[in-house]
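Trainee: Before I use terms such as buried, paired or salt bridge at the bench, could you show me how each one is justified here?

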Amino acid sequence: MTRPFAELALAVAVLTGLLAASVSAHAHETRPAVLELRQTAPERFDVLWRTPLYEGQRLPFVLRLPDGAKQISPPIVMSLPDWHLESWRVAAPGGLVGKRVLFSGHDATTAGVVVRYAGLDGRESTAVVTPDKDGLTLAGQGSTGADFTDAVALGLRHIGYGIDHLLFVLGLICLARGGWRLVETVTAFTVAHSLTLAAAASGLVSVRAEPVNAVVALSILFLGPEMVRQLRGQSSLAIRRPAAVAFAFGLLHGLGFAGGLSGFGLSREALVVTLLGFNLGVEIGQLAFVAALLAVAASLARLGMAWPAWAGYAPAYVVGTAGAYLTIARTVVMLGI
């Protein structure tokens, strides 16, 4: 397979993927909404409903408290750089434990909802409602993470709707050029983002989402010129040691992945199960993307067609242009312009 031909194949695959993902990627959000219910009297509760903002816009999460719960105070509404907050008080005859809370608007492009309950007796509970569930029954105590299979699905959705991470992986594939270097590079990226994902999700590292997302976009922009240099026969650290670059930027991307878990507030046991499943889903999605690109490239190579020289630059310009767009858009959001 000639080099331009292989890269054209990659470009075709990426352009197709971008078209398919463009709509959904626009709504991609890694942070869950958070519902906190705090009992203040036998049948009185303070409600705090926190929904993430994506590119300055509130996501369409809708909360429905159990039947019989009646709002008894006007809502207090507050908008922060990252979140939309609403707080009010409800009267709930018979309490809330054992009753069902419902949610809508948290589709596959979101990270679900975390529900926290604190009773007068000091007992607390935390649970995760994944996007494929419409609600949960309040337990009153204990910590319940996502089921392992749900956590895997959450990781798959995260990578499937995370066009930024897929663009970065595409750049790594082009720089590594297949074979052992590709295995080494993808492995380095995987190990690195797993480390920071675990650290951030367990609370050891805490970073605001906006700066992380902006720098993740900048890492994609960085790869575009590096890909062009490689095509021109030039050299750089990224071209000579793509695995080292993948590891360095992988640490950063792990912080971005962690946005889907850091707000869960789970116990250590629940977090371990959820973290393992989420990370496995991310890895499956990432490897499936690599396999799909290589399969498309190999299939097109069998056609034996002659492609123009400019076609070899298409992936670099796709990655560079998308990286520039995302960097500008996310910087604007970060600065609140």
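Mentor: What follows takes these terms one at a time, keeping in mind that the model is predicted.

Trainee: Why is Leu280 called partly exposed?

Mentor: Its relative accessible area is 38%, and since partly exposed covers the range between under 20% for buried and over 50% for exposed, Leu280 is partly exposed. Leu280 is found in helix 8, and it belongs to a nonpolar surface patch of about 560 Å² whose other members include Phe148, Leu156 and Val272. Helix 8 (268–301) and helix 2 (148–160) each supply at least two residues of this patch, with helix 8 giving the most, 5 residues.

Trainee: What makes strand 7 largely enclosed by the rest of the structure?

Mentor: Strand 7 spans residues 83–91, and 7 of its 9 residues are buried, so the rest of the structure largely encloses it.

Trainee: How do you know that strand 6 and strand 7 pair?

Mentor: Pairing requires at least two bridges, and strand 6 (residues 76–79) forms 4 bridges with strand 7 in the antiparallel sense, with Ser79 standing opposite His84 in strand 7. Strand 5 (residues 70–71) also pairs with strand 7 in the antiparallel sense, over 2 bridges, and there Lys70 stands opposite Ala91.

Trainee: Why is the contact between Arg89 and Asp46 called a salt bridge?

Mentor: The cut-off is a side-chain nitrogen within 4 Å of a carboxyl oxygen, and the closest N and O atoms of Arg89 and Asp46 are 2.7 Å apart, so the contact qualifies. The pair links distant parts of the chain, with Arg89 in strand 7 and Asp46 in strand 2 (residues 44–54), 43 residues apart. Arg89 is partly exposed at 35% relative accessible area, and Asp46 is partly exposed at 27%.

Trainee: What makes Arg330 and Asp164 buried?

Mentor: Buried means under 20% relative accessible area; Arg330 has 11% and is therefore buried, and Asp164, at 4%, counts as buried as well. Their side chains meet in a salt bridge at 3.0 Å, N to O. Because Arg330 lies in helix 9 and Asp164 in helix 3 (residues 163–176), the pair ties together parts that are 166 residues apart in sequence.

Trainee: How do you know that the length of helix 9 agrees with what is expected?

Mentor: At 1.5 Å a residue, the 22 residues of helix 9 (residues 314–335) should span 32 Å, and since the end C-alpha atoms are 31 Å apart, the two values agree. The buried residues of helix 9 include Val318, Leu326 and Arg330.

Technical notes. Residues are numbered from 1 along each chain as its sequence is written. This is a predicted model: local features need pLDDT of at least 70, side-chain atom pairs count only at pLDDT 80 or more; totals for chains, interfaces and linings use all residues. Side-chain values use heavy atoms; hydrogens and water are left out. Patches are made of residues with over 30% relative accessible area and no salt bridge: like charges are joined within 9 Å, nonpolar side chains (Val, Leu, Ile, Met, Phe, Trp, Tyr) within 5 Å. Accessible areas come from the Shrake-Rupley method with a 1.4 Å probe; for residues, only the protein chains shown count as cover. Buried means under 20% relative accessible area, exposed over 50%, partly exposed in between (1.4 Å probe, protein chains only). The expected span of a helix is 1.5 Å times one less than its number of residues.
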